[in-house]
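Me: Please take a close look at a single part of this structure and describe it in one connected account. I would like the cut-offs stated as you go.

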Amino acid sequence: MSGRQKAFLAGLLAALVVAAAVLLWPDHEKPAAAPPPPSPSPSPSPSPSPSKTYPYPFYPPGTCLVVPWLSEVTTTTVVPCDQPHDSETFSVVVLPDGLTDDGAIVQATLRLCKDEYTAVKQRQGGTAPYYNSPLSPGAQYYRQGFREASCAVTTSNQNDDRKLTGHLH
């Protein structure tokens, strides 16, 4: 190897060492990355999670309602349970896949709500005029993927003293 080639290789090696040192050497002008902020401590009471919006009547358990077919209202209205009301939701069910029309959706919802409805009715004394009246999505919403339905107990319109005035047991 000639002297000229040795000088070239030595220069190339020196340039690589300098480049590596520049690239790998810590930069003292930039501050070190700050540690991540501490996670917030849990609040004394849990905050509610954002709720899903439904394009049909859907209510969580414990919601008291005044309904058009029993009262002089045009839409289902949520009221405090200590006020007279017609219905109270007691459960939420998820409908299975494969239902094809409104009738099938209603029948499936009635079946899914039946056992818990029977238990609620028995806790009310078993003889009061209550009926299983779930609120389910129509076929158009079911086809869009909405599968949740609210199970509700509703008083019968066959009794003059039909309004509920508190939470169901």
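Reply: A residue is called buried when its relative accessible area is under 20%, exposed when it is over 50%, and partly exposed in between (1.4 Å probe, protein chains only). The model is predicted, so local features need pLDDT of at least 70 and side-chain atom pairs count only at pLDDT 80 or more, while totals for chains, interfaces and linings use all residues. Residues are numbered from 1 along each chain as its sequence is written, and side-chain values use heavy atoms, with hydrogens and water left out.

The part I would choose is strand S5, residues 148–155, where helices (H or I, at least four residues) and strands (E, at least two) are DSSP runs numbered from the N terminus. Eight of its eight residues are buried, so S5 is largely enclosed by the rest of the structure. Its two faces are both covered, with Glu148, Ser150, Ala152 and Thr154 buried on one side and Ala149, Cys151, Val153 and Thr155 buried on the other.

Two strands pair with S5, pairing being counted if DSSP finds at least two bridges. Strand S3 (residues 87–94) runs antiparallel to S5 over seven bridges, and within this pairing Glu88 stands opposite Val153. Strand S4 (residues 130–132) is likewise antiparallel to S5, over three bridges, with Tyr130 having Thr155 as its bridge partner.

S5 is also held by a covalent link, for a disulfide (two cysteine sulfur atoms within 2.5 Å) joins Cys113 to Cys151 at an S to S distance of 1.8 Å. The angle about the S-S bond is -75°, which makes this link left-handed. Cys113 belongs to helix H2 (residues 102–123) and Cys151 to S5, so the pair ties together parts that are 38 residues apart in sequence. Both ends are buried, Cys113 at 1% relative accessibility and Cys151 at 0%.

The structure holds two disulfides, and the other one joins Cys64 to Cys81, again with S to S 1.8 Å. This pair links distant parts of the chain, 17 residues apart, with Cys64 in strand S1 (residues 64–66) and Cys81 in the loop between strand S2 (77–79) and S3. With 100° about the S-S bond, the link of Cys64 and Cys81 is right-handed. Cys64 counts as buried at 1% relative accessibility, and Cys81 is buried at 11%. When the bonded cysteines of the chain are numbered in sequence order, the pairing reads 1-2, 3-4.
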